[in-house]
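This note sets out a series of points on the model under review. They are numbered so that each may be checked against the coordinates.

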Amino acid sequence: MKDEPLRVTMADPIRTEPIGDVDDASALSPEGLGFMCGIEVHQQLATGKLHSRQPGVLYDVTIDTVPKQWNRFQRRLRAARGEGGAIDVAARFESRRNRSFIYVQSPNSGLIELDEQPPLPHDNDAVEIALTVSALLNAKPVSLLQTMRKTVVDGSNTSGFQRTSLISVDGILETETGPVGIDVLCLEEDSARKLDTLTTSNGEQVIYNLDRLGLPLIEIATSPDVVSPEHAKETSMALGRCLRQTRRVRRGLGSIRQDLNVSLACGDRVEIKGCQDLSWIPRIIRLEMSRQLHFYRLANQLRKELSLPLLPPDRRSDDSGVETEVAKAVAAHLPLVLEDVSECFASCDSKMVRTGLEKGSLMIALPLTGLAGKIGSKSLDKEGAQMPRLGRELAGAAKLAGVKGVFHSDELPAYGIESEHVELVRKHLSLTSADGFILCLAPQWQAELALESVLARARKAWHRTAQEVRNVVVKKGAPEDGTTSPMRPLPGGARMYPETDVPVFSLTAERWQRTMDTLPMTDAERSERLSEYQVSDDQASQLLARELDDIYVEYVRDLPHKGWASVVLENDTADPELCSKVLTVKEEGHLTRESMNEIIEHFAGSTPTNQEIADYGEANGFKPADVGDLGAIIEGIVAERADFVKERGMGAMGPLMGVVMQAVGAADGKVVSALLRQAIQNLSE
């Protein structure tokens, strides 16, 4: 039995008010603020699909380059009740967004991917890899593998759910900062890839490519043992190394994704998605700490103004009865009142407003009693990131309904909306100077849905940070500044129920023992193995980083160690057997070094003999010139330029090398360099 992993938990509830400046996120104290963090890693496996026998191929297509012959299918999804009879909160929210979905059928997607045929049992290779990672993390395998359905209503799964299977629990990951517990390791299907989103008069239409749907993912969820933002990055890197140790996971952008579960004592748990660049993790977390601190302080400011009980500095001290009464008071204070104020903008010169009204959209207003000056306007913190503000959260809530954004009173006049239009709206809504408002320009049904979402988020301003899923704001392929935007409510247990189409099967002790007996080499062992060969430190580092050391060792045989390393690194996607043959022929003197990569490319996909490779080299001018002839040519060139050589000495090597190579044609560069050096030295003596 292994030792129980360390579990980092908050001590007694925090009694004092949290300390720190919201505009200086880097200076916030994780320990002093009751920081808690866990990480979820999703890693694609280098196998076929999990529940169909389709190949795990990804097609590099965009919405503009999708082949015309690929079929398309249109669907609508609705939320289903979980095993307990309830509809999950996240699923219910997604189902209200009035979206339809188009699925592009890639060549590696069939009836199972279209949800027209029951799934097959698990891919055996994927199960083996999941068990191997479990063993590397000292996790305990479950005895029975039961596939579950996890409700997903954003359209990324044609079935409306994601199949996931628990593989192991209670592991531990060693990091330099300290051990991090592994709560669960699951094997699940990846989702479809979004190609585009179109706005129609009836709602959004989302287009997905089915090539990624069903690829096996290992999901690893840690315990909340991460003690700092920097430790989160360290933990993510350690998990990545553990997964790559199997040498059976996919590499490249998007093949591994990290989710961060972050909370402060004065806030609540938020799941942050989209953290692909590990270097950004500490910044993303610190900005979330700043955001939670800001909204805790705002909530108590708002409570004071309504003479409501203040939030304690630690959520564990909350009284559910008190919070229910506060919610009732806030609902009465901020009722759902939606007013069509389109007439207030009849004279508005804003192109955006004018175009929207001409297309039949309405300008709908939502009054926010007492919130003037608290919605906020854009400002930056000490490191240039946007400061947290209620207006950004309200806009994010509105965008989930499909609108591009909203206008709010704290930022107006702006965007072509003049003071006169603001005053007309205030008069129409009978607002005081203490009241704010939100405007949404969209078709009526969409504007009303967006403003209902805005109102729900505005009411939460009197409470702690809402439990929700947030996404890193990405622009031009990278995080904009490390801030996040809301995606959906945090899902609950109602989204899970058993999958009846995939048979349950036992993970036997014998199978687990086979896994334990065949664990992959560690990084240290691989490095030690490479040290037995005469390769440079840089070559060894690249062979390990690019996972080419197994190929190197298997085929090195009698080949020159450094030369073989260069060939492997330069032709990492080519057949290693072919590469070793070409190097062998070169070492026998039949090919120049410079011609090798071209010859490897020429014979790709075939199995030529050594003689066929040599014959091809000779027929195409790739056979090196005779050393004796080379020497005579080089000596002649040096003699012709004797004055230049005597003036420059060995500095003449560079200029003359090009002249010699042009004169001799096919020749080994190293041989030419050695002969030229000798000729220059002979003339100088």
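1. What percentage of the residues of the protein count as buried? The model is a predicted one, and of its 685 residues 52% count as buried. The protein has 21 helices and 21 strands. Its C-alpha trace spans about 100 × 65 × 55 Å along the principal axes. Among contacts between residues at least 6 apart in sequence, 74% join residues at least 24 apart.

2. The first sheet to examine is an open one of four strands, in the order β2-β3-β10-β9, with mixed pairing. At its edges are β2 (72-75) and β9 (193-200), each of which pairs on one side only. From one strand to the next the twist averages 20°.

3. The mixed character of this sheet can be followed at β10. Strand β3 (residues 100-104) and strand β10 (residues 203-209) run parallel and are joined by five bridges. Within this pair, serine 100 stands opposite glutamine 205, and isoleucine 102 stands opposite isoleucine 207. On the pairing with β9, the strands run antiparallel and seven bridges join β9 to β10; here arginine 193 stands opposite asparagine 209. Strand β10 is mostly covered, with seven of its seven residues buried.

4. Another open sheet also consists of four strands, ordered β14-β15-β17-β16, and its pairing is antiparallel. The edge strands are β14 (339-340) and β16 (407-408), each pairing on one side only. Helix α8 (residues 419-429) packs on this sheet and touches β14, β15 and β17. The direction of α8 makes about 105° with that of β17. Strand β15 (residues 362-368) is joined to strand β17 (residues 436-442) by seven bridges, and the two run antiparallel. One residue pair to inspect is methionine 363 with its bridge partner in β17, leucine 441.

5. Which residues touch the most other members of the largest nonpolar core? They are Val133, Leu187, Ile218, Ile220, Leu260 and Ile285, in a core of 53 residues. Apart from this core lies another, of 31 residues, which includes Leu368, Ile375, Leu394 and Ala461. In soluble globular proteins, nonpolar side chains tend to be buried together.

6. Isoleucine 218 merits a closer look. Residues up to four places away in sequence aside, isoleucine 218 touches Val41, His42, Gln43, Leu45, Ile129, Ala130, Val133, Leu185, Cys186, Leu187 and Leu243. Val133 and Leu187 are themselves among the core residues that touch the most other members.

7. Does the geometry of helix α4 agree or disagree with its length in residues? At 1.5 Å a residue, the 25 residues of α4 (residues 281-305) should span 36 Å, and the end C-alpha atoms are 37 Å apart, which agrees. Of these 25 residues 20 are buried, so α4 is largely enclosed by the rest of the structure. Serine 307 follows the helix and has a positive phi, near 55°.

8. Arginine 283 has its place in helix α4. Is arginine 283 buried or exposed? Its relative accessible area is 15%, and because buried means under 20%, arginine 283 counts as buried. Leaving out residues up to four places away in sequence, arginine 283 touches Ala25, Ser26, Asp381, Glu383, Ala385 and Asp481.

9. Histidine 122 lies in the loop between β3 and α2 (124-136). With 9% relative accessibility, histidine 122 counts as buried. The side chain of histidine 122 makes a polar contact with that of serine 165, at 2.8 Å. Beyond its neighbours within four places in sequence, histidine 122 is in contact with Leu50, His51, Arg53, Val127, Leu145, Thr147, Ser165, Leu187, Val502 and Phe505. The C-alpha atoms of histidine 122 and glutamate 188 are separated by 9.8 Å, although these residues are 66 residues apart along the chain.

10. Serine 159 lies in the loop between β6 (147-151) and β7 (161-173). A relative accessible area of 18% places serine 159 among the buried residues. The side chain of serine 159 reaches the backbone oxygen of phenylalanine 161 at 2.9 Å.

Note on methods: Residues are numbered from 1 along each chain as its sequence is written. This is a predicted model: local features need pLDDT of at least 70, side-chain atom pairs count only at pLDDT 80 or more; totals for chains, interfaces and linings use all residues. Side-chain values use heavy atoms; hydrogens and water are left out. Buried means under 20% relative accessible area, exposed over 50%, partly exposed in between (1.4 Å probe, protein chains only). A polar contact is a pair of N or O atoms within 3.5 Å; within protein, one must be able to donate a hydrogen and the other to accept it, and residues adjacent in sequence count only if both atoms are side-chain atoms. The expected span of a helix is 1.5 Å times one less than its number of residues. A nonpolar core is a set of buried Ala, Val, Leu, Ile, Met, Phe, Trp, Tyr and Cys residues joined through side-chain atoms within 4.5 Å. Contact means heavy atoms within 4.5 Å. Two strands pair if DSSP finds at least two bridges between them. Axes are lines fitted to C-alpha atoms, for helices over the stretch in contact, and angles run from 0 to 180 degrees between N-to-C directions.
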